[in-house]
Amino acid sequence: MKKKFAFLFTGLVLLSACSAAPKSGGATEGSAGGNKQEGDTIKIGMNMELSGAVAAYGSAEKEGIELAVEQINADGGIDGKKIDLISKDNKSDNNEAGTVATNLTTNSKVVALIGPATSGAVKSALPNATKAEVPLITPSGTDDAITKQGDNVQEYAFRSCFQDSFQGKILAKYAHENLKADKAIILGDNSSDYGIGLTKAFKDEYKGQIVAEENFTEGDKDFQAVLTKIKDKDFNVLYIPGYYTEAGLIIKQAREMGIDTPIVGADGFGDAKLVETAGAGNVSNVFYTGHFSTKAPATDKVEPFIKAFKEKFDKEPSSFNALAYDAVYMVKQAIEDEGFADSSAIKNGLANLKDFKGVTGEMTIDKEHNPEKSAVVLGLTDGKETSAETVNP
């Protein structure tokens, strides 16, 4: 998920601390490009939205990252070397995200970057990561263009989440087949890559009729006029491709106006502030794509992850916690598979990652650097998760 983004493990089976031999065709020690691992620690950078408009996403992902690092280090590190996590706040500002990426790769000499959380920030950070030849994994940047621009796969871009085109297709299929909704209205964020991409993917896949398409922009607060415009139209599902900040207000105002049709959205709904903003009583018959659910465990890693997360943070983990947790373990797996913690080795290891068992699912990275895995559509009643259905495209 993402903002200018976004729709969430205990650890993987930890491999021996002995160094693994590099795979055939993998990086070799001292190979050119990127930063080199030096000393007894492995420097990993965290570039996250820890303050500003979408701090809820970045702060959640920070929790998942810190839990994973804590566990890995407690279990002996990666091939005997502890992770040194260097954290920076990009302040929910795309330009700052680019500056942070340069700082972490050039000054701190990290061998891998985790974050940002939102797509716009990732796309600002990626050119600087690419220039430094340091791989970047976003836990929740779902814009398709992060990993592929035109016909060109972005060599240093990876993600632990699925992309917008996948989410849009899943939601279109779910609305038509599971909710039996054949007439949709789209009320989408046209100011973000996230909302625009989700809208396109839904329209391309939906088998029913698009009755109307309306737009809003980031920061809007009053949706009375547009909701009045659509209220009396003949539709049986409202699709809101946007973030919880505006979606929460739309849901509140729609329900108060008597619009009681099912509402569907993507992973941008996946924060407790959606319910806080809308009011729990208004958040029923609401569905959104998620990467993780405690009600639909994707692998046997989920239960231990939930236990460890609750012990550390005294709350249930979210999708964003889980996706960020998986991102750290993906880096760990890449290093162990390649035998080195240099940036070039990690990049190769991520590109070749297969059958990785995370808490958000078992995944293989495809040729466009996206994880192949199922999605979960979560249903909310009175603000609480009451259903979780695994959906394949």
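The following paragraphs go from the overall form of the chain to one of its sheets. This is a predicted model, in which local features need pLDDT of at least 70 and side-chain atom pairs count only at pLDDT 80 or more, while totals for chains, interfaces and linings use all residues. Residues are numbered from 1 along each chain as its sequence is written, and side-chain values use heavy atoms, with hydrogens and water left out.

The protein chain contains 11 helices and 17 strands (DSSP runs numbered from the N terminus: H or I of at least four residues for helices, E of at least two for strands). Along the principal axes, its C-alpha atoms fill a box of roughly 65 × 40 × 35 Å. The radius of gyration of the protein chain is 20 Å, which agrees with the value near 21 Å that a compact globule of 393 residues would have; this radius is taken over C-alpha atoms, and the globule rule is 2.2 Å times the number of residues to the power 0.38.

Of the 393 residues, 58% count as buried, that is, under 20% relative accessible area with a 1.4 Å probe, protein chains only.

Strands of a sheet pair through backbone hydrogen bonds, either parallel or antiparallel. One open sheet has three strands in the order β13-β14-β15, with antiparallel pairing; two strands pair if DSSP finds at least two bridges between them. The edges are β13 (356-358) and β15 (371-372), each with a single partner strand, so one side of each is left without a neighbour in the sheet. Strand β14 (residues 361-365) is joined to the antiparallel β15 by two bridges. Ile-365 has Pro-371 in β15 as its bridge partner.

How values were computed:
Buried means under 20% relative accessible area, exposed over 50%, partly exposed in between (1.4 Å probe, protein chains only).
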